[in-house]
Amino acid sequence: MTNPLLATDSYKQSHYRQYPPEARQISAYVEARANPFSGNVLFFGLQAYLKKALQRPITVKDIERAAQICLAHGVPFNREGWQQIVDEHAGLLPLEIKALPEGSLVPSGVPLVQLENTDDRMPWLTTWVETALLRAVWYPSTVATMSFKCKQVIYRGLLATSDEPDQQIPFKLHDFGARGVSSSESAALGGMAHLVNFAGTDTMEALEAATEFYDADIAGFSIPAAEHSTMTSWGPERETAAYANMLDQFAQKDALVAVVSDSYDIHNAVKNIWCGALKDQVLSSGATVVIRPDSGSPVETP
């Protein structure tokens, strides 16, 4: 699934025959349609598409394979046009793309991206990339917008409850989205979009992608944290020892560590273990220890 000549809708294979013969240049734009969810969209994702997709030259091999598939699929194929791109443009698409700065918060309905063909023989090329371009910016812009709306809600709460809202907000919504999306690429794109608004993430594909596509040194941060398996492996009779091991391993001065504590009874863990047997060790460590209720009772919640 890497042939750029197939990264479009089938019907677009016939569009090169549909424009009027005098057509020389087509201009098209991308916008977020007005919707009841959000009056604004936080625009993100274009640069990743430009670097990953449009800087990869098409080849004669791509043309031959796409021609075979189109013939069997029942649609025309513009072999001449694609061959001109290989021969005269080094395989790169002759398009000019203009866009608002990524990270802009834009009213829905305002154009985000505009593109035009720069070779007068190829007016069909402008809308050829529509499918891949929309796909490239829709998902990360949607995630970035959702993340931004969450940030607004959290920030209002911090203004009412915190002495340092600006220092607190970057780490108040942490991303574990890699496990809930359709692919590693989706994890990277959605993870980067979240990092437009926050600095906390466990989606490591996003860190790699942010470096590759946006020249980031390190775009997000995480901390040592327990999961249920690492705690329950000690058994219920050694619950205190499991938590103490987390302190021994990670609770240094000024460090942060998160310990999931609801494997058996979150109320007992807080009252009798963290605020009882381990209280002095927590206080003397100099670390910030997060006591994490996570999934409810494992008896009541399968």
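## Strand 1 and its two faces

In this predicted model, the side chains of strand 1 take turns along its length. Ala 28 and Val 30 point to one face and are buried, whereas Ser 27, Tyr 29 and Glu 31 point to the other face and are not buried. Try following the strand residue by residue in the structure above to see the pattern.

Which strand does strand 1 pair with? The partner is strand 5, residues 111-117, and the two run in the antiparallel sense, joined over five bridges. As a landmark for your eye, look for Ser 27, which stands opposite Glu 116 in strand 5.

## Helix 3 and its neighbours

Helix 3 covers residues 79-89. Its buried residues are Gly 81, Trp 82, Gln 84, Ile 85 and Val 86. A general point helps when you look at a list like this: an α-helix has 3.6 residues a turn, so residues three or four places apart point the same way.

What do the buried residues of helix 3 pack against? They pack against helix 2 (60-73) and helix 4 (125-128). Just after helix 3 comes Ala 90, with a positive phi near 55 degrees.

## Salt bridges

How many salt bridges does the model have? The count comes to eight. One of them joins Glu 130 and Lys 12, whose closest N and O atoms are 2.7 Å apart. This pair links distant parts of the chain, 118 residues apart: Glu 130 belongs to helix 5 (residues 130-161), while Lys 12 sits in the segment before strand 1 (27-31). Glu 130 counts as partly exposed because its relative accessibility is 34%. Lys 12, at 5%, is buried.

Another salt bridge brings together the side chains of Lys 52 and Glu 185, at 2.9 Å from N to O. Here too the link is between distant parts of the chain, 133 residues apart, with Lys 52 in helix 1 (residues 46-54) and Glu 185 in helix 7 (residues 184-195). Glu 185 has a relative accessible area of 44%, so this residue is partly exposed.

Asp 62 and Arg 56 also meet through their side chains, in a salt bridge of 2.6 Å from N to O. Is Asp 62 buried or exposed? Asp 62 is buried, because its relative accessible area is 7%; Arg 56, at 31%, is partly exposed. Elsewhere, salt bridges with shared partners join Glu 88, Asp 119 and Arg 121 into one network.

## A nonpolar patch on the surface

Which residues form a nonpolar patch on the surface? They are Phe 171, Ile 218 and Phe 221, which together have about 310 Å² of accessible area. To find Ile 218, look in the loop between helix 8 (204-214) and helix 9 (228-232). Ile 218 counts as partly exposed because its relative accessibility is 46%.

## Two loop residues with positive phi

Now for some backbone angles. Most residues other than glycine have a negative phi. Asp 215 is not a glycine, yet its phi is positive, about 60 degrees. This residue is found in the loop between helix 8 and helix 9, and its relative accessibility of 58% is why it counts as exposed.

Asp 254 is also not a glycine and has a positive phi, in this case about 70 degrees. Where is Asp 254 placed? Look in the loop between helix 10 (239-250) and strand 6 (256-260). Asp 254 is exposed, because its relative accessible area is 59%.

Conventions: Residues are numbered from 1 along each chain as its sequence is written. This is a predicted model: local features need pLDDT of at least 70, side-chain atom pairs count only at pLDDT 80 or more; totals for chains, interfaces and linings use all residues. Side-chain values use heavy atoms; hydrogens and water are left out. A salt bridge is a side-chain nitrogen of Lys or Arg within 4 Å of a carboxyl oxygen of Asp or Glu. Helices (H or I, at least four residues) and strands (E, at least two) are DSSP runs, numbered from the N terminus. Buried means under 20% relative accessible area, exposed over 50%, partly exposed in between (1.4 Å probe, protein chains only). Contact means heavy atoms within 4.5 Å. Two strands pair if DSSP finds at least two bridges between them. Patches are made of residues with over 30% relative accessible area and no salt bridge: like charges are joined within 9 Å, nonpolar side chains (Val, Leu, Ile, Met, Phe, Trp, Tyr) within 5 Å. Accessible areas come from the Shrake-Rupley method with a 1.4 Å probe; for residues, only the protein chains shown count as cover.
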